[in-house]
Amino acid sequence: MRAARELQLKPREFDLAVQLGEVGTLSGGPGGRLRVAREEIDRHRSSPGFPEALRSRLWVVGTAEGAELMGIGPARFVRLARGGCFAPVRFYVNRYRAVVWHYLAAEVVEFADHSPEMLKGRIPAVLKSTLEENPDRRARGWRARRLDQLSARADGPWERAAVIAAVLDAAELARAVTDPAERAYISALSPALVTARPGTPAVQEVIGRLVLAQDPDEIEWHRECLVTALAQARAEQPVPGSDGNPAKRTGTAAPAEPACRVPARDKQDRTERRGLWARLHRRKAPDAFQEAP
């Protein structure tokens, strides 16, 4: 893609930049693809530190490299990640059907700088309690991040409802959306959390489990959020072919103000993190701006 070349990004770096909102996109490209405006490319190219500053914000690390950046052992890094101290940004499934998580180097460094007490000594009681309640929150953190990204790009209330529905299985979706026409409409709009699912059926099965909410409290949270999002969508525009009776659609009345929503990405947080590239650059040589294996 020409935009990736002009921004000096590899294809996977560019895809990640779009997901994270680092590179803004517009709809209307060939085949419905997203496109990048000339002004957006020029903005990045004229920014201080280009292209290293941009690439450092997209630098991903695995367990070994992340632990090295934080100055801790891999075992402690894994415990911090499982406890939800920082969320994965992407993953892949290896030939042994094990999930390999990748993290943004900037977020790993930021956590280390802000929470030095978590890096040495005994594991804090709050982290122990979290791990006892849920031994591994990495998939949950990744799903929350993806919903954040997709919600920020949704064009309207029905699209935003479909984003939330994307992490619910068929049974939970039917509980939240009892109107068949609405359920079919949301299913048609539902975005893919993973853009491609290559590999064997066994690998696809692993990915299929990762994209769906698993814990009862997580499922209930998203179901309640979907009920609220549906009420907002119905108020704006009913789905063609629905029965037109909100009382029959769900057993829960949505409040006038939304009780929950998928938050938009914090632009101020992105701006504050721009200064991290210099520290990252000092901690690692320039050739480290390579994708984690």
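**Two cores, a small sheet and a buried pair**

Met70 touches Phe77, Leu80, Phe86, Val108, Phe111, Ala112 and Leu119, leaving aside residues up to four places away in sequence. The model in which these contacts are found is a predicted one.

Met70 belongs to the largest nonpolar core, which has 38 residues. Phe77, Leu80, Phe86, Phe91 and Tyr103 stand with Met70 as the residues that have the most contacts inside this core. In soluble globular proteins, nonpolar side chains tend to be buried together. Several elements give two or more residues to the core: helices α5 (63-70), α6 (74-82), α7 (105-114), α8 (125-133), α9 (138-153) and α13 (201-210), along with strands β2 and β3. Of these, α7 gives the most, with five residues. A second core, separate from this one, has 19 residues and includes Ala162, Leu168, Ala181 and Val239.

The strands come next. Strand β2 spans residues 90-93, and it pairs with β3 in the antiparallel sense over four bridges. Within this pairing, Val93 has Val99 in β3 as its bridge partner. The hairpin formed by β2 and β3 has five residues between the strands, and there Arg97 takes a positive phi near 65 degrees. Strand β3, residues 99-104, is also joined to strand β1, residues 60-61. Two bridges make that connection, and β1 and β3 run antiparallel. Val60 stands opposite Leu104 in β3. Strand β3 therefore pairs with both β1 and β2, since two strands count as paired when there are at least two bridges between them.

Away from the strands, two charged residues can be followed from one helix to another. Glu172 is found in helix α11, residues 170-176. Is Glu172 buried or exposed? Its relative accessible area is 15%, and buried means under 20%, so Glu172 is buried. Glu172 touches Ile219 and Arg223, again not counting residues up to four places away in sequence.

Arg223 has its place in helix α14, residues 216-236. Arg223 counts as buried because its relative accessibility is 12%, which is under the 20% limit. Which residues does Arg223 touch, not counting those up to four places away in sequence? They are Leu168, Glu172, Arg175 and Ala176. Leu168 is also one of the residues of the second core, and Glu172 is the residue of α11 described above.

Key: Residues numbered from 1 in each chain as written. Predicted model: local features only at pLDDT ≥ 70, side-chain atom pairs only at ≥ 80, totals over all residues. Heavy atoms only, no water. Buried < 20%, exposed > 50% of the residue type's maximum accessible area, 1.4 Å probe, protein only. Contact = heavy atoms within 4.5 Å. Core = buried A, V, L, I, M, F, W, Y, C linked by side-chain atoms within 4.5 Å.
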